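Me: Could you take a close look at one part of this model for me, the small sheet, and then tell me how the helices pack? I'd like the cut-offs spelled out as you go.

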Amino acid sequence: MTNDELQSAIVSAQNAFASWRKVSIIARQQIMFRYVGIIKENWDRLAASITLEQGKTFADARGDVLRGLQVAEAACAGPEYMKGEILEVAKDMETRTYREPLGVVAAICPFKRDPGAAMILVELAEKAGFPKGVINVVHGAHDTVNFLLDSPTIKAISFVGSNKAGEYIFTRGSANGKRVQANLGAKNHALIMPDCDKEGALDAIISAAFGAAGQRCMALSVAVFVGETKNWVDGLVEKAKSLRVDAGFEDGADLGPVVTPESKARIESLIASAKVEGANVLLDGRGYKPAKYPKGNWVAPTIITAVAPNMQCYKEEIFGPVLVCVYVDTLEAGIELINKNEYGNGTAIFTSSGAVAEKFRQDIEAGQVGINVPIPVPLPMFSFTGNKRSVAGGGASTFYGKPGINFYTQLKTVTSKWSNTGIVSSRAQLSMPTIS
């Protein structure tokens, strides 16, 4: 978009803010209720747009819509989240807290290659009753991002994407006095203990590693096999071989292509680097071409074993249908391996032991932990709680739930004194009050 178009969006938002902030929370809640209903009516339309542009299977795209729908449903609880606090701090004196909106805020969203669903959501928001200017969408890359980061009208920026982009956005936005929350890269691990439900764990790993062709920030990247479970890898390979890789609208497709030729080339280069560095590409998804769609950006499920932490395939976020397998002897060694990784987005453990699960929960440094759950993304009434290099600024600001409300609102405290006697002192007091 041109600078004039970007500025028009900023002006539109600022003009709308003046009246929107005065709309009662109950009236805004009613709009959200209508919005949720309209999204449900357009569920398949949204999913079809995602599949058409991004390539994932239609079933998976419907799941994406559900996750977004859950966020909208949780937002309907705004009146509960927006409650303030009150305390009688002294005789005839009370302090109240109020949550007030910051002003114009911006979200910089990932996957700019598939903006169609976002445009449909804005269309539906208008039908739900959001006034003109309350929601604005702009498109672009570096110049658009810089415009948003530098605009004095925008008070906060929320971002999801790569570390390189997110760290830049956090630094430049913060330097301009904005609040910035940024969820960045990941290298999610699952620790497989010998006492776990073997078949259940392997099925969960397959789903988490290869669903959406691995193009999720919470995708499972590394399987850490403890002790004798290293012998389970052959079974994992057989399950991965049974997956059907095909176009997203084809019946029975388990995973589709990756999003761009550039993504395919990057994924294949990391697979190649693993071989060069001495790993074993036990299942190689390069070169796959379904007969009906030979020109697609295809990478089939890939499993790499004999991986060391210094290899590129382990250090980098692959963001594709590639699972890296690492072997350790003990639970403690597995925890140590995971904690040494610079990312801390999500992790999981598969075990039937409560004591083992609790030790893992206490000692692990990732922000989102699954116990027999491979992709432990919390529902939106909780927060999205990655840590270490998976979030910018130490993860102080996160989205969803109460922390999300904290990010988008300004807290105001008001201390009031009301005398029941109606007597006014005849002489002003200049010293600090000492009322008990």
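Reply: Here's the sheet, followed by two helix pairs. Bear in mind that this is a predicted model, where local features need pLDDT of at least 70, side-chain atom pairs count only at pLDDT 80 or more, and totals for chains, interfaces and linings use all residues. Numbering starts from 1 along each chain as its sequence is written, and side-chain values use heavy atoms, with hydrogens and water left out.

On to the sheet: it's an open one built from three strands, ordered β1-β2-β15, with antiparallel pairing. Strands here (E, at least two residues) and helices (H or I, at least four) are DSSP runs numbered from the N terminus, and two strands pair if DSSP finds at least two bridges between them. The edges belong to β1 (86–90) and β15 (409–417); each has a single partner strand, so one side of each is left without a neighbour in the sheet. On average, neighbouring strands are turned by 30 degrees against each other, direction ignored. β1 pairs with β2 (residues 93–101) over four bridges, in the antiparallel sense, and A90 sits opposite M93 of β2.

There's a helix on this sheet too: α15 (residues 401–408) lies across β2 and β15, at about 80 degrees to β15. Angles run from 0 to 180 degrees between N-to-C directions, with axes fitted to C-alpha atoms, for helices over the stretch in contact. Contact means heavy atoms within 4.5 Å.

Now the helix pairs. The axes of α2 (residues 25–41) and α6 (residues 116–128) come within 8 Å and cross at roughly 130 degrees. That makes α2 and α6 oblique to each other, given that under 35 degrees counts as roughly parallel, over 145 as roughly antiparallel, 65 to 115 as roughly perpendicular and the rest as oblique. I31, R34, Y35, I38 and I39 of α2 meet L121, L124, A125, K127 and A128 of α6. By class, that contact has eight nonpolar, no polar and two charged residues (Ala, Val, Leu, Ile, Met, Phe, Trp, Tyr, Cys and Pro count as nonpolar, Asp, Glu, Lys and Arg as charged, and the others, Gly among them, as polar).

For α1 (residues 3–20) and α7 (residues 142–150), the axes come within 11 Å and cross at roughly 40 degrees, so this pair is oblique. N3, L6, Q7 and I10 of α1 make the contact with T144, F147 and L148 of α7. Here the classes come out as four nonpolar, three polar and no charged residues.
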